[in-house]
Amino acid sequence: MEYISTRGDAPALGFRDALLAGLARDGGLYVPREWPSLTKRDIKALRGKSYAEVAFEILKHFVDGEIPDDKLKAMINEAYGTFRHPAVVPLVQTGPNDFVLELFHGTTLAFKDVAMQLLARLMDYVLAERGERATIVGATSGDTGGAAIDAFAGRERTDIFIFFPHGKVSPVQQRQMTTSTASNVHAIALNGNFDDCQDLVKEMFNDVAFRDRVKLSGVNSINWARIMAQVVYYFTASLSLGGPDRKISFTVPTGNFGDIFAGYVAKKMGLPIDRLVIATNDNDILARTLKTGRYEMKGVKATTSPSMDIQISSNFERLLFEAYGRDSGAIRSAMSGLKQSGAFEIQPEVLKAIKREFRAGRATEKQVATTIRETLAETGYLLDPHTATGVFVAKKNARPLSPMVTLATAHPAKFPAAVKSACGIDPALPSWLADLMHREERFDILDPDLKAVEKFIGEHTRTK
Ligand SMILES: Cc1ncc(COP(=O)(O)O)c(C=O)c1O
Ligand SMILES: N[C@@H](CCOP(=O)(O)O)C(=O)O
């Protein structure tokens, strides 16, 4: 399996090189040259298998023999052994045809753990095999950072630098990043918003001399391995609900478009999916884009679902690449429009193709709070604000023919203030995090200045 860049000007890479590269050298995102295809029979053969077994059966198509099967299986088993639920990602019924897929039973209580626990092991393996080290950078609106720090803490071959928007993540999210005692971990509060953090990370990748000097690698969903690991739970959820003999719909609380793009990949691979629904909070750039065909940045608004306070939705580039028939010229011109004027237009027939695959909706702050309160009253189930955004939009897009699964992307205890103000309940952190708010914090504060940040990284990167 070869991986090609959405912008068409970077060398095609095998799995291990794409894993370590993160962003392609032309600024594009790597995607498989072709989508692996599973027949209905192949999918049926996954019935009755554990999460880790299904993961291996799906991921082997993307790894394509570049890591021996026994090693890959061991890493998968270890990664999902860190989850606190025997099903890893249990499905909970909340209505006659409504389900939530709980993706938050990992160490940091968000869906990011699913991919990150595996990614850290895969990177470690490839670096050890090559006798190399890497400098990992990541931008976070709150959850990727904690998951990455947990997964990479103490690893010999990596130093990790996580950039979060200063003052714009929840106190629990902040402490998950700032209380690590591992010497290879650096949490950095950036004076800016998430998009500034993400821009900075991309600029570092585009500074080739710096990138090569520190051996830069990325853990955001620009890294293909993040997406590939997230494809797995669409299969397991579908299998639990009668797939592939039945089509299932999914609603996904969306920010950087990685999680829902993984659902699109599952569909491309042959999983019968009915509706794929994008759910946004007040930062509704994706819902507006699907309506108008114009992707237009309007400034970020702080919401009770801070992890989705995003305007530059990185993985939308991967979808555009598909929708434009893999025309990298079209992607280059859209992305340069975005950089220059904060907007680009999608050609009408391309928009039509996207709308055949996706629906989109928005939940306002009031609707999110009401959804938390009403869901609790009607079903006894406590939602976090991101999942509530999904549940609200799911209700508008459900239809009797197919079960609707909303991805529960975070545990309510990560956002206690918003949950308490919506429904009066103060959700408790699980036992392993019970003292989190009393742990000592350690972080640096920096401006979004490329050279100053690169200097900081250079000074704090271990060479051995
Ligand atoms: C809790 C939570 N929900 C939803 C999202 C959105 O996911 P994605 O960026 O993959 O669209 C994020 C962050 O990305 C998140 O942390
Ligand atoms: N919501 C994310 C933003 C980064 O997304 P990623 O999936 O590209 O890592 C976060 O919580 O950090």
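Begin by selecting β5, α6 and β6, which together make a right-handed β-α-β unit. The coordinates shown here are a predicted model.

**The central sheet**

Keep β6 (residues 158-165) selected. Eight of the eight residues of this strand are buried, so β6 is largely enclosed by the rest of the structure. Display its side chains and inspect the two faces in turn. On one side lie Thr158, Ile160, Ile162 and Phe164, and on the other Asp159, Phe161, Phe163 and Pro165; every residue in both sets is buried.

Next, add strand β5 (residues 134-139). This strand pairs with β6 in the parallel sense, over six bridges. To locate the register, select alanine 139, which stands opposite phenylalanine 163 of β6.

Now move to the other neighbour, strand β7 (residues 185-190), which is also joined to β6 by six bridges in the parallel sense. The pair to display here is phenylalanine 161 with histidine 186, its bridge partner in β7. Adding helix α7 (residues 171-178) completes a right-handed β-α-β unit made of β6, α7 and β7.

Extend the selection to the whole sheet. In what order do the five strands of this open sheet lie? The order is β8-β5-β6-β7-β15, with parallel pairing. At the edges are β8 (216-218) and β15 (444-446), each of which pairs on one side only. From one strand to the next, the twist averages 30 degrees.

Zoom in on the edge formed by β8. Three bridges join this strand to β5, and the two run parallel. Threonine 135 can serve as the marker on this side, as it stands opposite leucine 216 in β8.

**A second set of strands**

Select β4 (98-102). This strand is mostly covered, with four of its five residues buried. Strand β3 (residues 91-95) pairs with β4 in the antiparallel sense over four bridges, and the two form a hairpin with two residues between them. Leucine 91 and leucine 101 of β4 stand opposite each other.

Then add strand β14 (residues 404-408). Its pairing with β4 is parallel and comprises five bridges. For the register of this pair, select valine 100, which stands opposite threonine 406 in β14.

**The two ligands**

Select ligand 1 and display its surroundings. Which residues are closest to ligand 1? They are Asp143, Asn256, Gly258, Ser307 and Thr409, within a shell of 15 residues. By class, that shell divides into five nonpolar, eight polar and two charged residues.

Turn next to ligand 2, which is surrounded by 13 residues; the closest are Thr140, Asp143, Thr144, Asn220 and Ser221. Colouring this shell by class shows no nonpolar, 12 polar and one charged residues. Helix α6 (residues 143-152) gives the most to the shell around ligand 2, contributing three residues. Asp143 deserves a selection of its own: this residue is listed among the closest to ligand 1 and among the closest to ligand 2.

**Backbone details in the loops**

Three loop positions merit a check of the backbone angles. Begin with glycine 243 and proline 244, whose connecting peptide bond is cis, with omega near 5 degrees. Proline 244 is found in the loop between α10 (224-240) and β9 (248-253).

Proceed to leucine 109, in the loop between β4 (98-102) and α5 (112-130). Its phi is near 70 degrees, a positive value in a residue other than glycine. Is leucine 109 buried or exposed? Leucine 109 counts as buried because it has 27 C-beta neighbours inside 10 Å, and the cut-off for that class is 20 or more.

Arginine 326 is another residue that is not a glycine but has a positive phi, here about 60 degrees. Select it in the loop between α13 (316-323) and α14 (328-341). Arginine 326 is partly exposed, because 14 other C-beta atoms lie within 10 Å.

**The N-terminal region**

For the last stop, select residues 2-80. UniProt, in an unreviewed entry, places the feature "domain: Threonine synthase N-terminal" on this stretch. Over residues 2-80 the chain is 47% helix and 8% strand. Displaying the C-alpha atoms at the two ends shows them 27 Å apart.

Terms used:
Residues numbered from 1 in each chain as written. Chains lettered and ligands numbered in written order. Predicted model: local features only at pLDDT ≥ 70, side-chain atom pairs only at ≥ 80, totals over all residues. Near = placed C-beta within 6 Å. Nonpolar A, V, L, I, M, F, W, Y, C, P; charged D, E, K, R; others polar. Buried ≥ 20, exposed ≤ 12 C-beta atoms within 10 Å, placed from the backbone. UniProt positions renumbered as here; feature names shortened; annotations may be inferred. Pairing = 2+ DSSP bridges. Right-handed = clockwise from strand over helix to strand, strands pointing away. Axes fitted to C-alpha atoms, helices over the stretch in contact; angles between N-to-C directions.
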